[in-house]
Amino acid sequence: NQVLCPSVGWINNYHCYAFRRIHGGTDTETIRRYKGNSKVQKEIQGSLKMMSEECWIGPRTTTAIDSVFQPLYIGGSMVNAKSITLGDLFLLDEKDEMYLQYVHDFGDWWSHTICVTKYNDQAPPDTTVAHLLSGDGVCPPEDIGGVEMFSRRMSELTGRIDQNEEGVEGYGGSSRVADPSSERWWELMNKEVRGKHNGLIVIKSPTSFDLEAARTKLGNAIRHAKQKGGHENLNSTYTDFSTGLSNEFNDICKMISEEQKDPLKFCAVCDVTMALKVCGGCNSIAFCSREHQLEYWPKHKKECRRIKEERNKQES
């Protein structure tokens with residue numbers, strides 16, 4: 001989730017999220033085209049059976065406002081995401097690829113199908129735990145109401161359907177075609193797009209994608225101090241409805257200062273805060289990869305041995 005949110009364009013630590021394994025062998029178009037095919041029907045049944053048996057994986061605790069929908073769509077509990085890795089899920093089937101369903105925001109229910117597979121090409125030299133290869137387009141606004149309402153609002157703003165006067169607070173009466181020069185159009189634009197937490201991203205061209213900007217955002221996200229679970233309700237952001245602009249950054253999302261750093265919560269080489277492994281010798285420092293541990297070892301070995309010797313003396 002810490003990687004996917006900045007890559008897709010969602011706001012991290014704002015909404016609930018959940019993962020589960022799914023069957024990825026048959027897409028929607030194939031199901032429609034071969035509806036009477038027994039092989040396809042068998043795959044559909046296998047997909048439904050797998051989805052009914054697979055448990056959801058997500059945060060152990062959360063105070064995100066959309067958590068009220070968890071009992072309705074997810075169930076009463078989820079497996080703690082901190083205790084399971086992608087490698088653990090791969091070992092269940094020992095296949096070359098795995099499909100996951102990733103849901104962002106239990107209220108709007110933005111469901112993504114993710115194919116996880118091995119990357120055979122060489123990663124860039126500055127890659128740590130995540131690297132964005134490519135992308136296309138922008139993601140919808142947060143809290144717009146899901147796929148159906150997003151489609152409705154975008155159609156209203158682009159004039160493909162009449163605006164629903166009753167859909168915006170303070171307006172009522174008959175519908176009319178969208179007019180960008182009208183106050184009504186800007187009310188809808190500010191409320192449903194520019195006023196959202198990721199509105200500054202959404203107002204770009206729907207087909208545009210700035211790869212370098214997205215990589216920078218991802219790099220910052222995986223180096224942010226991890227927010228403690230159960231504090232998502234603090235991530236409310238200030239929106240100025242006179243301009244329709246929203247400030248998506250708050251105190252929680254700021255980079256960690258040198259004085260605040262906990263050596264067990266960030267990589268000693270690259271400052272990444274996820275997928276960390278603690279040094280087995282001293283248990284006082286962490287790294288995001290074996291390569292970074294080896295790179296830092298010449299600087300750390302004396303301190304590691306000193307801490308280990310002191311611990312052994314205390315235990316004896």
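Start by selecting helix α4, residues 70–73, where L72 is found; helices here are DSSP runs of H or I with at least four residues, strands are E runs with at least two, and both are numbered from the N terminus. This is a predicted model, in which local features need pLDDT of at least 70 and side-chain atom pairs count only at pLDDT 80 or more, while totals for chains, interfaces and linings use all residues. Residues are numbered from 1 along each chain as its sequence is written, and side-chain values use heavy atoms, with hydrogens and water left out.

Colour L72 by accessibility: with a relative accessible area of 63%, L72 is exposed, where exposed means over 50%, buried under 20% and partly exposed in between, for a 1.4 Å probe and protein chains only. Now add V68, F69 and Y73, which together with L72 form a nonpolar patch on the surface with about 420 Å² of accessible area. Such a patch takes residues with over 30% relative accessible area and no salt bridge, its nonpolar side chains being joined within 5 Å; a salt bridge would be a Lys or Arg side-chain nitrogen within 4 Å of an Asp or Glu carboxyl oxygen, and areas come from the Shrake-Rupley method with a 1.4 Å probe.

Keep F69 and Y73 selected and add W56, F106 and W109, since ring pairs link these five residues into a cluster. Rings of Phe, Tyr and Trp (its six-membered ring) pair if their centres lie within 6.5 Å, and planes under 30 degrees apart count as stacked, over 60 as edge-to-face and the rest as tilted.

Across the whole structure, a search finds 10 aromatic pairs. One of them joins F19 and Y102, whose ring centres are 4.8 Å apart with planes at 20 degrees, so the pair is stacked. This pair links strand β1, which holds F19, to strand β4, which holds Y102, 83 residues apart, and both F19 and Y102 are buried.

Move next to W185 and W186, where the ring centres are 4.9 Å apart and the planes stand at 85 degrees, so this pair is edge-to-face. W185 is buried at 11% relative accessible area, whereas W186, at 38%, counts as partly exposed.

Finally, select the largest nonpolar core, which has 20 residues, those with the most contacts inside it being F19, L100, Y102, I114 and L157; a core joins buried Ala, Val, Leu, Ile, Met, Phe, Trp, Tyr and Cys residues through side-chain atoms within 4.5 Å. The largest share of this core, four residues, comes from α7.

Conventions: Patch = residues over 30% accessible without salt bridge, like charges linked within 9 Å, V, L, I, M, F, W, Y side chains within 5 Å.
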